[in-house]
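Q: I'd like a close look at one part of this model, the pockets and the helices around them. Could you walk me through it?

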Amino acid sequence: MYEIWLVLNILWEIALGVWPLLLGAGLLWAALMAAAVRRPGSRWRAGLPWALGVGAAVALGALLYVPGWTRSSLSEMGYWVDWANLLAVAGGFGAVAAAFAWPLMAMRQGVARP
């Protein structure tokens, strides 16, 4: 339990250091959502499978590349908390990618093609 609390505290401290970026990303996401809602013909359900596919692909890529970005490797992951952190980071990257892809894919699905 201590390890999980430690990870949450570290994430909070990192978020405090990059809050302007997080705020900008949140505003961009809100603008995309507003544009998708106001666009006539955007189909939310049709965009969701595409967005989930994008999110899964990004999560898989992050799962493979994050250890290298941190100058580590998958072979050094010996403790369950290491794997939990890696899966959480990869899932976070995938969730953000899916959240940004969903309004874009919904707007794309609503476009009439000749």
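How do the residues of the lining of the second largest pocket divide into nonpolar, polar and charged?

A: Happy to take you through it, with the reminder that this is a predicted model. The lining of the second largest pocket divides into 9 nonpolar residues, 1 polar and no charged. Here is the full set: Leu11, Ile14, Ala15, Val18, Leu22, Ala88, Val89, Gly92, Phe93 and Val96. Two elements, H1 and H4, each give two or more residues to this lining. The largest share belongs to H4, with 5 residues. As for volume, about 290 Å³ of space lies in this second largest pocket.

Now for the largest pocket. Its volume is about 520 Å³, and 21 residues line it. Nearest its centre lie Val66, Asp82, Asn85, Leu86 and Val89. Here H1, H3 and H4 are the elements that give two or more residues to the lining, and H4 gives the most, with 9 residues. By class, the lining of the largest pocket has 15 nonpolar, 3 polar and 3 charged residues. Val89 is worth marking on your display, since Val89 is among the residues nearest the centre of the largest pocket and also lines the second largest pocket.

Two of those central residues lead on to the packing. Val66 and Leu86 belong to the largest nonpolar core, together with Ala62, Met77 and Ala90, 5 residues in all. Helix H3, residues 44-69, and helix H4, residues 80-109, each supply at least two residues of this core. If you pick out leucine 86 and leave aside residues up to four places away in sequence, you will find that it touches Ala62, Leu63, Val66, Pro67, Leu74 and Met77.

Asn85, another of the residues nearest the centre of the largest pocket, gives a way across to the first helix. Its C-alpha is 8.0 Å from that of valine 7, although 78 residues separate the two in sequence. Valine 7 sits in helix H1, which covers residues 2-17. Its relative accessibility is 22%, so valine 7 counts as partly exposed.

Let's follow H3 next. Its buried residues are Ala46, Gly47, Ala51, Gly55, Ala59, Ala62, Val66 and Pro67, and H4 is included in what covers them. H3 also has a kink of about 35° at leucine 63, shortly before proline 67. Both Leu63 and Pro67 are among the contacts of leucine 86 mentioned above.

Just after H3 comes arginine 71, with a positive phi of about 60°. Most residues other than glycine have a negative phi. Arginine 71 takes this positive value although it is not a glycine. Arginine 71 lies in the loop between H3 and H4, and because its relative accessible area is 80%, it counts as exposed.

To finish, look at alanine 95 in helix H4. Its relative accessible area is 49%, so alanine 95 is partly exposed. From its C-alpha to that of glycine 47 the separation is 15 Å, with their positions 48 residues apart along the chain. Glycine 47, for its part, is one of the buried residues of H3.

Terms used: Residues are numbered from 1 along each chain as its sequence is written. This is a predicted model: local features need pLDDT of at least 70, side-chain atom pairs count only at pLDDT 80 or more; totals for chains, interfaces and linings use all residues. Side-chain values use heavy atoms; hydrogens and water are left out. A nonpolar core is a set of buried Ala, Val, Leu, Ile, Met, Phe, Trp, Tyr and Cys residues joined through side-chain atoms within 4.5 Å. Buried means under 20% relative accessible area, exposed over 50%, partly exposed in between (1.4 Å probe, protein chains only). Helices (H or I, at least four residues) and strands (E, at least two) are DSSP runs, numbered from the N terminus. Contact means heavy atoms within 4.5 Å. On a 1 Å grid over the protein atoms alone, a cavity is a set of points where a 1.4 Å probe fits but cannot get out, and a pocket is an open set with protein on both sides within 12 Å along at least five of seven lines; lining residues have an atom within 4 Å of a point. Grid points are joined across faces, edges and corners, and a volume is the space filled by probe spheres set on the points. Ala, Val, Leu, Ile, Met, Phe, Trp, Tyr, Cys and Pro count as nonpolar, Asp, Glu, Lys and Arg as charged, and the others, Gly among them, as polar. The bend at a residue is the angle between axes fitted to the seven residues ending there and the seven starting there.
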